[in-house]
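Biologist: Before we use any label for this model, I would like to hear the reasoning behind it. Could you show me the structure and then take my questions in turn?

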Amino acid sequence: VEDKMSEVVQKIITALVVVVFAPIIGGLVTGTERKISARLQGRYGPSILQPFYDILKLMAKEKSEVVPSQFFYVAAYLVFNIISLVALTLGADLVIVMLIFIFSNLVFAIGTSTIESPYSKIGAQREFIQILAYGPILLISVLAVKIVAGSFVGSFIFKNSSYLIIDLPLVFTALMIVFNIKMKKSPFDLSQAPFNHQEIVKGITLEYSGYQLAMIMLTNFYEITFLMLFVLMFFTANLYLGIGIALFCVLLQSITDNITARLTYRQMIIASWLIGGGAAAVNIIWVYLK
Amino acid sequence: VKGVKPLGLLLYFGVILIPLLGGVLCFYSRKVSIRNSIAISAVCLMLVEVLALTIYVFKAGGVYRIGVDQTLFDLDWIVKFLNLILLIYLVYLGIRIRKLVISILSVFQIIPLIIFEIFITYNSPKLTFVIDRLSLAVMLLSSLAGSIIIMYSLGHLDHRINILDLKNRRQPGFFMTMLLLIAGTNLAASANNLMWIYFVWNASGLCIFTLFYISGKKKLFDNAVRALAISLMGGAVLIFGIIFIYKGSSTLSVVELANNQLHKYVPFALGLVLVCIAAFTRMAQFPFANWLTNLENAPLPLSAILHGYMPVSSGVYLIMRTVPALGNTMAGRLISVAGGFTFLISSIIALTKYKGRSILTYSTISNMGLCVWCLGTGSRTALGITVLLAVFHVFFQTIMHCCIDIIEKKVGSSSLGAIKGLEGRLPITSLIMLGTLLCMLLPSSSIIASNWIAAEITESVFLSPIFVAPGILFTFVLWARITAALLRSPLHIGEKEKLPIPVIVSVFTAFGLFILTNICFAPIYDNFAELQFNLYNPADKMAITAGFTGIHIFGDSNFVIGKFSWIPMYLIVFAVLLLVSYLLYKLSGRKNKGTYKEMYMCGEDYVNEGGENHENVEGQRKNSKMQGHDKNTGAGDTYTLYGVIEPVKLQTLANYVAAAVIFLIIGTSI
């Protein structure tokens, strides 16, 4: 009984650590990325801590919303995103983790499309399209990880030190598209284009302001940490290398962001299914044939 | 009848004879009130009998065998006679409605049937009826779903608003056909003779056509004929399959099929494959999907049957009985690929549609594709999980079709653009729809769990991640999309919804059963799936345990490859929902009325001071709100893949590919 109790306590502590530190990592990474992006454009750029200042500023702002229920969806978005991250760190089943992750994004899209504003509706529709674009890649990559590692259970994969990247290079490459979409970087910045891209109407976050916008930004930090942790799974033999690669993946986005143009949603679906899905499919086929 | 207890016999024959008798009585009773009460009592009695039979058989150890003494009472000749009469009637029907294709296809069946029945004198199995857990599951499903549909129709008939488009003189025919269909399904699920199943196959095809004829939708007549023709084609494939199976194994027993180790023997393997392909036609798999998609505007009782228990009770059931015998052969794997392909493509097509009925049609096709995918792998865990997928499918489709029917009658359209803000007009219907959709979406629900299991246990099959992973995601997004189309903020509950009592009873029963099956994941799996398929002897060593500690998937040598602690998940999800709702309540309860802002309209709602009055501003706001909608298409603001992918082109392409796969399946089995 004591063993079980200590196990539970350990799990709770891990969960708390994740909940506290994940947004810090996500925020720092976002700040660095903004800095690099600014330097690429010949600007000085904001401080690395700017994302946290943004959140603090938003929290202090006056509360203002179009409909009361929009809080419900934003909160569910944040909470389910945290649950998916905690489940991933606690070594839960990867398919379930991914489904919760996608569910949290769906809740946000559903919530935004319930607001009777045409522009935020278009943003919500684009969010649906984005989920359709990156979701298959996420789930396919999980199944691919199982084929090589032998189990869907995250804790097993993390304990089993190996380089999954050797067997699944194309799946890993396809994950870059997910990174790109989730970090809202060009060419896949459809539902919203934050920071250094200009647009007339703000997309999915249009009708959110103040603490609700802060919650959305916080969720984005959690999402970035989630994806970096997923990348780490490909480098369990050397976690330092994994962390390095994960950081590189994130920072790579500022380069693609600056050298590519935004795609239309049709092009995006086709591109991510054909290139991302195709690459992952080819990889899976060669693993089977080996 | 030898060596069986009379109670079980009474229960069993009650399940088949009560709807049969009820149907005939309904046909001959002239008064509406008497007819309705006969229908209700037949339905209720049948349900009691099915439940009692289930308990009885479970107490008897899960299998109940009835052997009929052939010297006294020759059932073989009865089925032979019935098969011939039915086909001759179909030939006559084809001539009468001047559709020669029906007659030709019927003659095409009569020839092999006569050769088989008269010239090859076959030995029928010793046990005429075997009721095992799988039969019970199918009987329960068909009886419950069928009763719900009958109950629902009663409500609409009762209201005299002619919602069913039934003329009064056609109502008796409607009840008779429905009840006969249920009786037939129950018979097919429990018969141990392939010839009985073959008879019910053709009879149910005819029943569906009759229901069409009764509903009097003349526009759909050609499509109904096409559906009957496809059903007859399936029948022709089925009879050839049965003949080959008999040639290979010299038995027609359904129960013995699964344990046969003869799959290397050509006629037997070919026969099995043909039976599976016949089942494809009923399940509307590509390339046989066009009949179902053409019938998407079918009136209610029919649409719910076509999408709900019909593909399950004759399609999934047939494959479930035959596919274990295929073992780990290439043909079996290709059946799986065919299903996976249909699953993926039809879930993409569903996302391009915006009419409620079209979406449901393609979701049926895709869900049946997932079932075929699982079944094709032939592993006992996959077979087990298919039972659950099928159960959820039946109740989901029944509820959704009833709701869509109510919406169409009251709102005039079921397209996604039209159901926005439904809670203002139809609070009960929208509540039920929303609840059902939430069950499909919440991460703790059993539907997600069964999809998850399907993904994980079939992963070992070649190509499966490519089909299954995107397919599961697309269906997930599809339900989210409908939820998004349905919800509106803020909610306005306007008028009370007035529904006839039988409609309320049926819809709530269906919803309750859906929730109940959702909660009882573990008992259903244990009782109806695991104990049933453990009797088989497939190659895999996979196992699922479902219990209070969670669902665990074991690979070889008890190695856990997947786990899902669903009770903590349930608790977390509901805690989150409760907490967030409480916070919402707290926050909106504060004195913050001044904090609400108008939505951002890009200056389109700008009004000159003193120029226009307030009403005009509201009107303009509404107008500019509508610009987000596509009024012409009815897609509302949830277009997702609408306009991205050409569904017709995609389906045509899919049909060619699927036809090629079908030929590959046949080719590899020879």
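Modeller: What follows is a set of questions about labels and the values behind them, for a model that is predicted.

Biologist: What makes the radius of gyration of chain A agree with that of a compact globule?

Modeller: The rule puts a compact globule of 290 residues near 19 Å, and chain A has 19 Å, so the two agree. Along the principal axes, the C-alpha atoms of chain A fill a box of roughly 50 × 50 × 40 Å.

Biologist: Which secondary structure elements does chain A have, and how much of chain A counts as buried?

Modeller: Chain A has 11 helices and 0 strands, and its pattern along the sequence reads α-α-α-α-α-α-α-α-α-α-α. Of its 290 residues, 63% count as buried, the cut-off being a relative accessible area under 20%. The accessible surface of chain A comes to about 10600 Å², with 70% of it belonging to carbon and sulfur atoms.

Biologist: What share of the contacts in chain A join residues at least 24 apart, and how far apart are the mean positions of its charges?

Modeller: Among contacts between residues at least 6 apart in sequence, 78% join residues at least 24 apart in chain A. The mean positions of its 20 positive and 16 negative charges are 6 Å apart.

Biologist: Why is A:Phe234 called buried or exposed?

Modeller: A:Phe234 has 0% relative accessibility, and since buried means under 20%, A:Phe234 counts as buried. Its place is in the loop between helix 9 and helix 10 (239-259) of chain A. Not counting residues up to four places away in sequence, A:Phe234 touches A:Val145, A:Ser162, A:Tyr163, A:Leu164, A:Ile165, A:Leu168, A:Val171, A:Phe172 and A:Leu175. A:Phe234 and A:Gly210, by contrast, are 24 residues apart in sequence and 38 Å apart in space, C-alpha to C-alpha.

Biologist: Where in chain A is the residue A:Pro187, and what kind of peptide bond joins A:Ser186 and A:Pro187?

Modeller: A:Pro187 is found in the loop between helix 8 (169-182) and helix 9 (211-232) of chain A. The bond joining A:Ser186 and A:Pro187 is a cis peptide bond, with omega at about 5 degrees. Most peptide bonds are trans. Chain B has a cis peptide bond between B:Phe286 and B:Pro287, where omega is about 0 degrees, and B:Pro287 lies in the loop between helix 10 (266-282) and helix 11 (290-294) of chain B.

Biologist: What is notable about phi in B:Ala284, and is B:Ala284 buried or exposed?

Modeller: Phi of B:Ala284 is near 55 degrees, a positive value in a residue other than glycine. Most residues other than glycine have a negative phi. B:Ala284 is placed in the loop between helix 10 and helix 11 of chain B, and its relative accessible area of 1% falls under the 20% cut-off, so B:Ala284 is buried.

Biologist: Why is B:Arg98 called buried or exposed?

Modeller: B:Arg98 has 76% relative accessibility, which is over the 50% that the label requires, and B:Arg98 therefore counts as exposed. B:Arg98 lies in the loop between helix 3 and helix 4 of chain B, and has a positive phi of about 60 degrees although it is not a glycine.

Biologist: How do you know that the span of helix 4 of chain B is close to the expected one?

Modeller: Helix 4 (residues 100-119) has 20 residues and reaches 28 Å from its first C-alpha to its last, close to the 28 Å expected at 1.5 Å a residue. Its buried residues include B:Ile102, B:Leu105, B:Gln109, B:Pro112 and B:Phe116. What covers the buried residues of helix 4 includes helix 3 (75-96), helix 7 (194-215) and helix 8 (221-249) of chain B.

Biologist: What makes B:Ile335 buried?

Modeller: B:Ile335 has 1% relative accessibility, which is under 20%, so B:Ile335 counts as buried. B:Ile335 is found in helix 14 (residues 330-352) of chain B. Leaving aside neighbours within four places in sequence, its contacts include B:Cys276, B:Phe280, B:Val372 and B:Ile665.

Biologist: How many helices and strands does chain B have, and how much of chain B counts as buried?

Modeller: Chain B has 24 helices and 5 strands, and 64% of its 670 residues count as buried. Chain B exposes about 25800 Å², of which carbon and sulfur atoms supply 65%.

Note on methods. Residues are numbered from 1 along each chain as its sequence is written. Chains are lettered from A and ligands numbered from 1 in the order in which they are written. This is a predicted model: local features need pLDDT of at least 70, side-chain atom pairs count only at pLDDT 80 or more; totals for chains, interfaces and linings use all residues. Side-chain values use heavy atoms; hydrogens and water are left out. Helices (H or I, at least four residues) and strands (E, at least two) are DSSP runs, numbered from the N terminus. Buried means under 20% relative accessible area, exposed over 50%, partly exposed in between (1.4 Å probe, protein chains only). Contact means heavy atoms within 4.5 Å. The radius of gyration is taken over C-alpha atoms; the globule rule is 2.2 Å times the number of residues to the power 0.38. Accessible areas come from the Shrake-Rupley method with a 1.4 Å probe; for residues, only the protein chains shown count as cover. Lys and Arg count as positive and Asp and Glu as negative; His and the chain ends are not counted. The place of a charge is taken as NZ of Lys, CZ of Arg, CG of Asp or CD of Glu. The expected span of a helix is 1.5 Å times one less than its number of residues.
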